[in-house]
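Work through the exercises below with the coordinates open, and try each task before reading its solution.

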Amino acid sequence: MDYHNKTISQTLKHFDTSAKGLNQKQRKKRLEKFGANKLKEKAPQPLWKKIGKHFIDLLMIVLMAAAILKGITGDYVEMGIILAVVVINGLIGYLQERKAESSLNSLKQMMAQTADILMDGHRKKIAAEELVPGDLLLLQSGDILPADVRLMESHDLVVEEAVLTGESLPVAKSTSLVDSSAALGDRLNLAFSGTQVQSGSAIGIVTATGDQTEIGKINKALQSVKPQTTPLIRKMNQLNQQIFKGLMLFILFLVFFTTLRYGLEANLLLSAVIALIVAVVPEGLPAVLTMILSLGVKEMSDQKAIVKSMPAVETLGSMTVICSDKTGTLTKNEMTVKQVILPEKSKNDAAASSELLHLIMNNCQDLRTSDTQKVSDLKGNPTELAVLRHVHQYQVPKLAKLQQLPFHSRYKYMATTHLVNNQLMLFVKGAPEVLLDRANLTTEEKNYWEQAITAAAKQGQRVLAFAAKEINTEAIRHEDITDLKISGLAGIIDPPKESAIAAIAKCHQAGITVKMITGDHKDTARAIGAQIGLKHSETVVEGREIENFSDEELQQAVKKTDIFARTTPEHKLRIVAALQQQGEIVGMTGDGVNDAPALKKADIGIAMGIKGSEVTKEAADMVLADDNFATIAAAVKEGRRIFDNLKKTINFFLPTSLAQGLLVIFALLTDRPLPLTPVQILWVNMVTTVTLSYALGFEKANPEIMERSPRNPNEKILSPHSLFRILFVSLLITIPAYLLSSQATDPQVARTLLLQSIVVSQAFYMINCRELSDMPLNKSLLQNKAIWLSLGALVLIQGSLFLLPFMQNMIGTASLNAAQHIAVFLAATLVFILIELEKKAVKALARRTRSRTA
């Protein structure tokens, strides 16, 4: 029901209550009917589910099946090693990605704990949970509202609603009727649960409690919004499926081929299949990707971006649209006097006019009572603080205040009297339209001021007027506020941050669209949008227009609109959904409770760390510790660097895994013994995982990383060229290694040569992977200390196979002579050179193709 469009008597009648409130019997019945005034919660996910979901990855299941098969055949040591790898990877995933879903608890904390009501005409304090519709709620300064109310009495009530509506200024409330189509922030006769009374007092009829309140609707929206699967997780699932399908294809082919051709025994065939699984499945890859994402999380925290969910690091790099709140994110969240307008006739004596205006600004106010008070320490009305900050720079004297008419929403001005140069003066400050009506102006002067007011309003400024007149007595009444002389106007606005303007320009350069979604007014939003450099700042869509759009119409509107004003939580949610339906990767910033559902719906939710509510922080994937939009641009750059390094790591891992798999396949096809045992294959995988794999995660960002467009969200990690590179490199590693090992007469030495050749070739190939299409031997190679540390660690760990007898016994290796080590090194060098030649050939082919199509 639209209570803002109902009279007080209609509302009282609807709830069957009176000006004395409900009685005890009525309240008891209603509490049973409507339930406690609290928000409902979803049942928490059990711990076993939270941990278990990290073990249902497709490739982890394949490895577990291989371990079980090993146990069936009696190889318990190898079974234990494989299971240990699975358990370690699963636990790392759980510990790193554990994220508390505490949004609902935070919402509960926002609701007041006690409430004052009228019951049978008597004031009574009750628990907030006991409030029922129809109660008469008593409000005073500092109260957090425990329920939604229709105001029936309002005494200069001013409510801070930014947390719910996004309104940048506190809202003066009234009891008057409001149009039925008014937006949530314009319903001045209503006050909402979770908002805070800044000043004044009131009595309100409780219209909604618990989940029926506006904050309750947000709670429902949070519960209904399904968390988005990040692009990285989607791509990794695709990659896992590709590996799984390839592996199953190999196994089926080999089982039929070897059985029909050679009639292998089931036991030998099972060992070969397990060896193939262990070889091809990159079991160390999840751990390495987790580590690279963890590094990204740490790097971003150093840049004031606190990432709560690791895959969100990569999502930042793939964002195509950023939907940002206005107040405090794009703007300074500090009302500032943008311009001062003096009387038209004052141009000949601007100094005298400015002096009088500054006197009014510094003395017609309530906040600063003495010259010893620092303006920076003052708290109170943002508009009055803006005026005091402005006038403070002129060192204006503080005059004794003789009399005062305080501000009242009915009159929309305040007035004070002072003695100035032995003359009693009346200073007035207030709404410009009110002061113009009470001023003694010619038609020409009135037109001048009205034009100035209109021009300032079009720039999104809130206009305040200042006036004065000489009086004969200290005592003043509202009837005396006539024949004023307008001394000037102040245009006040929350100005944009310079860093935000620069960051938006960077985002545009990087192909990222920035959209502003605010609860503020249309003109203010348009003015700020133009100042910060949004592309379509001339067009503003308001919340009431969104309500009339179908989903298809909204999808068209979001394409050509970058500014949305007077929006509600539902509007924000629909905007994000409309963008996602068009294939966009959406980042959404916010600070108020009203932003939480949209943040959860977005591909990456970004909350403000300083002024953000706890609800928003919990619903978000990332928290900006400095509330600065520029931090998002820096995080996008880091996200792109992370994805580049993930891609390099995957391109390093897969060819080396396939190379080991090819050895098993070749042995089966030629009816030869397995060249490496499953333990030796696991050794190769783990030694490179422990050492080489991590190094690529420390590569610095390409200098041109923010000049390229966001990658296609549907693009797979493995492109056709990547698949070719994987096969090409795996053959390059496998063939020389196999030829070298075939020269040895001792089977153990042959296995050792093969193992050593694969490991050293992988080390050289890691250098290749520093640049996927360019020469990797550049200056930045010397800057990446991690590469040199990883190579040193590899030498030590791999060296233990030749120096420590117990390691040789455990892994099944032998010592090699100098000539054999040199041969291994030359084979690895050949791999490196051939891969660099392939890069050059591919680049030349691409240039030729582009020149033909140009």
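**Exercise 1: a positive phi in a strand**

Aspartate 156 lies in strand β4, which spans residues 148-160. The model is predicted. Task: determine what the phi angle of aspartate 156 is near, and whether aspartate 156 is buried, partly exposed or exposed.

Solution. Begin with the backbone, where phi of aspartate 156 is near 55°, a positive value in a residue that is not glycine. Then take the relative accessible area, which is 29% for aspartate 156; because buried means under 20% and exposed over 50%, aspartate 156 is classed as partly exposed.

**Exercise 2: arginine 566 and the cavity**

Task: locate arginine 566 in the chain, classify its accessibility, and describe the lining of the largest cavity.

Solution. Arginine 566 sits in the loop between β18 (563-565) and α21 (569-581), and its phi is near 50°, again a positive value in a residue other than glycine. With 6% relative accessibility, arginine 566 counts as buried. A search of the whole structure yields 1 cavity of 30 Å³ or more, and the largest cavity has a volume of about 60 Å³. Its lining includes Arg566, together with Thr567, Thr568 and Pro569 among others, and the lining residues divide into 4 nonpolar, 5 polar and 1 charged.

**Exercise 3: the surroundings of aspartate 627**

Task: find which backbone nitrogen the side chain of aspartate 627 reaches.

Solution. Aspartate 627 is placed in the loop between β21 (622-624) and α24 (629-669), and it is buried, with a relative accessible area of 4%. Its side chain reaches the backbone nitrogen of glycine 609 at 2.8 Å, while the residues that aspartate 627 touches include Gly328, Lys497 and Lys611.

Definitions and conventions:
Residues numbered from 1 in each chain as written. Predicted model: local features only at pLDDT ≥ 70, side-chain atom pairs only at ≥ 80, totals over all residues. Heavy atoms only, no water. Helix = DSSP H or I, 4+ residues; strand = E, 2+ residues; numbered from the N terminus. Buried < 20%, exposed > 50% of the residue type's maximum accessible area, 1.4 Å probe, protein only. Polar contact = N/O pair within 3.5 Å; in protein donor to acceptor, adjacent residues only side chain to side chain. Contact = heavy atoms within 4.5 Å. 1 Å grid on protein atoms, 1.4 Å probe; cavity = no way out; pocket = protein on both sides within 12 Å on 5 of 7 lines; lining within 4 Å. Points joined across faces, edges and corners; volume = space filled by probe spheres on them. Nonpolar A, V, L, I, M, F, W, Y, C, P; charged D, E, K, R; others polar. Lists of a residue's contacts leave out its neighbours within four places in sequence.
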